[in-house]
Structures are given as C-alpha cells and as structure tokens.
Amino acid sequence: MGAFWMVWGSFGVPLGLVGALVAGYGRRGQVPPPYVGVIVGFWALTSAAVFEPSPFALGMIPAVMLLIASRKRQAMVA
C-alpha cells in the first residue's frame, strides 16, 4: 500500500505542478485551457477508482474550478 502512495498515488506532486501552471497563467492574465481541468478530473477519478477509500475525490474541486474559469473566460471573449 505504501508503494501506491509513493508512485501512482502521489497526490501532492501533480497538483503542485498544476498549481505552478495555473499561477504562471495567472501572472500573464490568462486562464489555463479547459483540457487542464479535464486531465486533473480524469486523474482524480481514475485514482479514486483504483484506490477506493482515498482523498482523490477532492481532486475534482480544482478540476471543476479550472473548467468554470475557462468557461467564463470563453464567454467573455465571445
């Protein structure tokens, strides 16, 4: 079980990288593309399915927030 959390289940590293990506976009006054939110959501759901009692479902919160931000940005541009 420890091997899962150290390899496939590493929760902090991927979300830390996504946070750095989002911060970089924010400094430039941009919104990340929608596929970033989709990938984060897919990662969170598949990880939650692989390891049932886990906090991976919480990964849907930043995924939904990214998708909402990109949708609002697209509505403002259109």
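1. A word to begin with: two residues are in contact when they have heavy atoms within 4.5 Å of each other. Please also keep in mind that this is a predicted model.

2. With that in hand, let us start at Ser70, which lies in helix α4. Leaving aside neighbours within four places in sequence, Ser70 is in contact with Val31, Pro32 and Pro34. Is Ser70 buried or exposed? Its relative accessible area is 6%, and buried means under 20%, so Ser70 counts as buried.

3. Stepping back to the whole fold, the protein chain has four helices and zero strands. Read from the N terminus on, its elements run α-α-α-α. Among contacts between residues at least 6 apart in sequence, 63% join residues at least 24 apart.

4. Next comes the balance of inside and outside. Of the 78 residues in the protein chain, 28% are buried. The chain exposes about 5300 Å², and carbon and sulfur atoms supply 74% of that area.

5. Which residues form the largest nonpolar core? There are five: Val18, Val36, Val40, Ala63 and Leu66. Two or more of these residues come from each of the elements α3 (34–50) and α4 (60–77). As general background, nonpolar side chains tend to be buried together in soluble globular proteins.

6. Val36 is a good residue to click on while you look at this core. Not counting residues up to four places away in sequence, Val36 touches Val18, Leu21 and Leu66. Two of these partners, Val18 and Leu66, are themselves listed in the core.

7. Helix α2 deserves its own look. It covers residues 12–27, and at 1.5 Å a residue its 16 residues should span 22 Å. The C-alpha atoms at its ends are 22 Å apart, which agrees with that expectation.

8. How are the two sides of α2 arranged? Val18, Gly24 and Tyr25 are buried in this helix. Viewed down the axis of α2, its buried residues fall within an arc of 120°, so they line one face of the helix. The face turned away from that buried side carries the exposed residues Gly12, Val13 and Arg27. A general rule helps when reading such patterns: an α-helix has 3.6 residues a turn, so residues three or four places apart point the same way.

9. One last backbone detail to find on screen: just after α2, Gly29 takes a positive phi of about 75°.

Note on methods: Residues numbered from 1 in each chain as written. Predicted model: local features only at pLDDT ≥ 70, side-chain atom pairs only at ≥ 80, totals over all residues. Heavy atoms only, no water. Expected span 1.5 Å × (residues − 1). Buried < 20%, exposed > 50% of the residue type's maximum accessible area, 1.4 Å probe, protein only. Arc of directions from axis to C-beta. Areas by Shrake-Rupley, 256 points an atom, 1.4 Å probe, with all protein chains shown as cover. Core = buried A, V, L, I, M, F, W, Y, C linked by side-chain atoms within 4.5 Å.
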